[in-house]
Amino acid sequence: MRGLKGVCVAALAFVLSACANPVPPEKASYVGHWRSPNMSLEITQEGRIIYERVDVKDGRTLTKKLDSPIKDFHGDDIEVGVASISTTFFVSKKPHPDEGKWKMTVDGIELTREN
């Protein structure tokens, strides 16, 4: 039974990775690894988002993680997910140069591109 479960997990991972839409040329400036002190957002050219955010609330550390294909861009915002399960990253300031570094603001947090 364990072997079958492993095969199913591998097949699901393959199907999910195949659902990614490559980042369109007009959104190429979004590609890269973006960081702030409490958030990391990697956007790959192949169309994946790898996200981690750490917040402290009431003395507890809350961590959110997501590794998902990009479904679509809606204006500057990025929708990620599979089938009917999705979430949107709200981009209030799209990627732009600022004092020699690239910055963008996502979900209210200013991020700086590392690469």
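# Getting to know this chain

Buried residues make up 31% of the 115 residues in this chain. The model is a predicted one, and a trainee and a mentor now walk through it.

Trainee: Let's begin with the overall make-up. In what order do the elements run from the N terminus on?

Mentor: Happy to start there! The chain holds one helix and nine strands. Read from the N terminus on, the order is α-β-β-β-β-β-β-β-β-β.

Trainee: Which strands stand at the edges of the sheet, each with a single partner strand?

Mentor: Picture an open sheet of nine strands with antiparallel pairing, in the order E6-E5-E4-E3-E2-E1-E9-E8-E7. An edge strand has a single partner, so one side of it is left without a neighbour in the sheet. Neighbouring strands are also turned by 30° against each other on average, direction ignored. The two edge strands are E6 (85-89) and E7 (91-98).

Trainee: Take the E6 edge, then. Which residue of E6 is the bridge partner of Val-82?

Mentor: Strand E5 covers residues 77-82, and E5 and E6 run antiparallel, joined by five bridges. In E6, the partner of Val-82 is Ile-85.

Trainee: Now to E1 and E2. How many residues does the hairpin that joins E1 to E2 pass through?

Mentor: Strand E1 (residues 32-36) runs antiparallel to E2, and five bridges join them. One of the pairings sets Gly-32 against Ile-43 in E2. As for the hairpin between E1 and E2, the number of residues is two.

Trainee: Which residue in the turn between E2 and E3 has a positive phi?

Mentor: E2 also pairs with strand E3 (residues 48-57), in the antiparallel sense and over five bridges. Within that pairing, Glu-42 has Ile-50 of E3 as its bridge partner. E2 and E3 form a hairpin with four residues between them, and the turn residue with a positive phi, about 105°, is Gly-47.

Trainee: How many of the five residues of strand E2 are buried?

Mentor: Here a residue is called buried when its relative accessible area is under 20%. Strand E2 (residues 39-43) is largely enclosed by the rest of the structure, because its count of buried residues is four of five.

Trainee: Which element gives the largest share of the largest nonpolar core?

Mentor: That core has 18 residues, and Leu-41, Ile-43, Ile-49 and Ile-78 touch the most other members. Elements that give two or more residues to it are E2, E3, E4 (60-74), E5, E8 (101-106) and E9 (109-113). The largest share, three residues, comes from E2.

Trainee: Ile-49 sounds worth a closer look. Which Phe does Ile-49 touch?

Mentor: Leave out residues up to four places away in sequence, and the contacts of Ile-49 include Leu-41, Ile-43 and Ile-78. Asp-67 and Ser-68 are also among them. The Phe that Ile-49 touches is Phe-89.

Trainee: Next, the charged pairs. How many residues apart in sequence are the parts tied together by Arg-35 and Glu-114?

Mentor: The chain has six salt bridges. In one of them the side chains of Arg-35 and Glu-114 meet, at 3.0 Å from N to O. Arg-35 lies in strand E1 and Glu-114 in the segment after E9, so the separation of the parts they tie together is 79 residues.

Trainee: With which residue does Asp-67 form a salt bridge?

Mentor: Asp-67 is partly exposed, with a relative accessible area of 48%. Asp-67 lies in strand E4 and its partner in strand E3, 19 residues apart. The closest N and O atoms are 2.9 Å apart, and the partner is Arg-48.

Trainee: Is Arg-53 buried or exposed?

Mentor: Arg-53 forms a salt bridge with Asp-55, their closest N and O atoms being 3.0 Å apart. Asp-55 is partly exposed at 22% relative accessible area. The cut-off for buried is under 20%. At 18% relative accessibility, Arg-53 counts as buried.

Trainee: One last spot: what separates the C-alpha atoms of Pro-24 and Glu-46?

Mentor: Pro-24 sits in the loop between helix H1 (2-18) and E1. At 23% relative accessibility, Pro-24 counts as partly exposed. Pro-24 and Glu-46 are 22 residues apart along the chain, and the separation of their C-alpha atoms is 9.6 Å.

How values were computed
Residues numbered from 1 in each chain as written. Predicted model: local features only at pLDDT ≥ 70, side-chain atom pairs only at ≥ 80, totals over all residues. Heavy atoms only, no water. Pairing = 2+ DSSP bridges. Axes fitted to C-alpha atoms, helices over the stretch in contact; angles between N-to-C directions. Buried < 20%, exposed > 50% of the residue type's maximum accessible area, 1.4 Å probe, protein only. Core = buried A, V, L, I, M, F, W, Y, C linked by side-chain atoms within 4.5 Å. Contact = heavy atoms within 4.5 Å. Salt bridge = Lys/Arg side-chain N within 4 Å of Asp/Glu carboxyl O.
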